[in-house]
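Reader: I would like a close look at a single part of this structure, taken slowly and with its surroundings in view. Please set out the overall build before turning to the details.

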Amino acid sequence: MEDIDLLAKIRNPETRNYGFNLLVREYQKRVYGLVRKMLIDHDDSDDVTQEVFIKIHKYIDNFREDSQLYTWIYRIATNECLSFLSKKKRRFFLPLEDVNGELSRKIDSAPYISGDEIQKKLQKALLKLPDKQRLVFNMKYYEDLSYEEISKITKTSVGALKASFHHATKKIEDSLTDD
Amino acid sequence: MKRLEDIPKKNIFDAPEGYFDKLPGIIQARVTAESTSTAPLISFGLVLRYALPVLAIGLAIFMIFRENDPSGSPEELLASVSTEQLSGYLLESDFSTEELLDNLDLNEVDVNALNEEIIDLEFDSDVLEEFAEELQLEL
């Protein structure tokens, strides 16, 4: 179903719940996938994914159709991820290395993680990046989003995103070589 | 140096079995619960944020004034004065009966009670004689 049809159903009071349910079904895997790559842990990702959709439901009437629906949804998801990580660091008074160390250990021990050694090493190398850079990297590398799309989601210039992705790639390759 | 392009691109994160079948229902239930509880929560939040401090300040001011004011309510003050003291004061004061009656706010129950009391009065001969002497009447 097209986004425009989904929105029409959500905006009609008689089909609002049905339309929103369809929206969740349409976007849940992409949102969860984006969130999970940032938070690593399934339970945390589940909480944040739910919060993302609660916010979507709350603010869907404010969505202006001059941007695409998935761009708007991804923006909410990225904000929720960054906010969650920021709160986690503040709540436990942990320095960045400790939180990333904890996430790194989860890659080896947490449930619902598959993949061989090199894939896990790549994820651990990613955790050494600043959160925003990691987010940009994930959207470009794993989600195959274009720089223009990421630019709309993060409200960052395409040039800055290209530089960020280039530096991230360099750091990851250096990290993989060191290990 | 290891190149990123040499590593096969793969998503290593899985979701539990059936997770995406249940998630829409969970979210729908939360949305329904939050939309029904939002209004009272906001009101309660406003009450906590604004009304309670105002109430607390009001209560504090009332208590301070109450402690500094030795007198109670007019009814309490009147109740603390004995009937003898009150009669003495009224006899010594310059109030006429008419003035007192004008200032009294009698309701129907009060009037009936007074009438009954007056009708039930029984004067013996000594009292009547004293009253006649005062009025300089001859019985």
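In what order do the elements of chain A run from the N terminus on? With that settled, please look closely at helix H7 of chain A: which of its residues are buried?

Author: The model is a predicted one, and what follows should be read with that in mind. From the N terminus on, the elements of chain A run α-α-α-α-α-α-α-α-α, which is to say that the chain has nine helices and zero strands. Of its 179 residues, 53% count as buried, and among the contacts in chain A with a separation of 6 or more, 60% are accounted for by residues 24 or more positions apart. The accessible surface of chain A comes to about 8800 Å², with 50% of that belonging to carbon and sulfur atoms.

Against this background, H7(A) can be described as largely enclosed by the rest of the structure, because nine of its eleven residues are buried. Those buried residues are Asp131(A), Gln133(A), Arg134(A), Leu135(A), Val136(A), Phe137(A), Asn138(A), Met139(A) and Tyr141(A). The list includes Asp131(A) and Arg134(A), whose side chains deserve a closer look.

Asp131(A) takes part in a salt bridge with Lys89(A), in which the closest N and O atoms are 2.6 Å apart. Since Lys89(A) lies in helix H4 (residues 69–91) of chain A while Asp131(A) lies in helix H7, this pair ties together parts that are 42 residues apart in sequence. Both partners, Lys89(A) and Asp131(A), are buried; for Asp131(A) the relative accessible area is 14%, which is why it falls under the 20% cut-off for that class. Asp131(A) also forms a salt bridge with Arg134(A), and here the closest N and O atoms are 3.5 Å apart. Arg134(A) and Asp131(A) are three residues apart in helix H7 of chain A, and therefore about one helical turn separates them. An α-helix has 3.6 residues a turn, so residues three or four places apart point the same way. Arg134(A) counts as buried because its relative accessibility is 1%.

Following the chain onward from H7(A), one comes to the loop between helix H7 (131–141) and helix H8 (147–154), and in this loop lies Asp144(A). In contrast to the buried residues of the helix, Asp144(A) counts as exposed, because its relative accessibility is 56%. Its phi is near 55°, a positive value in a residue other than glycine. Most residues other than glycine have a negative phi. A second residue of this kind in chain A is Ile40(A), which is not a glycine and has a positive phi of about 70°. Ile40(A) lies in the loop between helix H2 (16–39) and helix H3 (42–59), but it counts as buried because its relative accessibility is 0%.

Asp144(A) also leads from the surroundings of H7(A) to the partner chain, for its side chain meets that of Lys9(B) in a salt bridge (3.2 Å, N to O). The helices of chain A that each supply at least two residues of the side that touches chain B are H2, H3, helix H6 (117–126), H7 and helix H9 (158–178), so that H7(A) is one of the contributors to this side. The largest share of that side, ten residues, comes from H2(A), and by class the side has 15 nonpolar, 13 polar and twelve charged residues.

Taken as a whole, the interface brings 40 residues of chain A into contact with 25 residues of chain B. The two chains bury about 3300 Å² between them, 64% of it on carbon and sulfur atoms. Across this interface the rule finds 13 residue pairs in polar contact and two salt bridges. Besides the pair of Lys9(B) and Asp144(A), there is a salt bridge between Glu51(A) and Arg30(B), with the closest N and O atoms 2.6 Å apart. Because Glu51(A) lies in helix H3 of chain A and Arg30(B) in helix H1 (residues 19–68) of chain B, this pair joins two chains. Glu51(A), at 28% relative accessibility, counts as partly exposed, and Arg30(B), at 23%, counts as partly exposed as well.

Over all chains the count comes to 16 salt bridges. Elsewhere in chain A, Asp41(A), Asp44(A), Lys88(A), Glu102(A) and Lys106(A) are linked in a network of such bridges.

Terms used. Residues are numbered from 1 along each chain as its sequence is written. Chains are lettered from A and ligands numbered from 1 in the order in which they are written. This is a predicted model: local features need pLDDT of at least 70, side-chain atom pairs count only at pLDDT 80 or more; totals for chains, interfaces and linings use all residues. Side-chain values use heavy atoms; hydrogens and water are left out. Helices (H or I, at least four residues) and strands (E, at least two) are DSSP runs, numbered from the N terminus. Buried means under 20% relative accessible area, exposed over 50%, partly exposed in between (1.4 Å probe, protein chains only). Contact means heavy atoms within 4.5 Å. Buried area is the accessible area (1.4 Å probe) that two parts lose on being put together, summed over both. A salt bridge is a side-chain nitrogen of Lys or Arg within 4 Å of a carboxyl oxygen of Asp or Glu. A polar contact is a pair of N or O atoms within 3.5 Å; within protein, one must be able to donate a hydrogen and the other to accept it, and residues adjacent in sequence count only if both atoms are side-chain atoms. Ala, Val, Leu, Ile, Met, Phe, Trp, Tyr, Cys and Pro count as nonpolar, Asp, Glu, Lys and Arg as charged, and the others, Gly among them, as polar. Accessible areas come from the Shrake-Rupley method with a 1.4 Å probe; for residues, only the protein chains shown count as cover.
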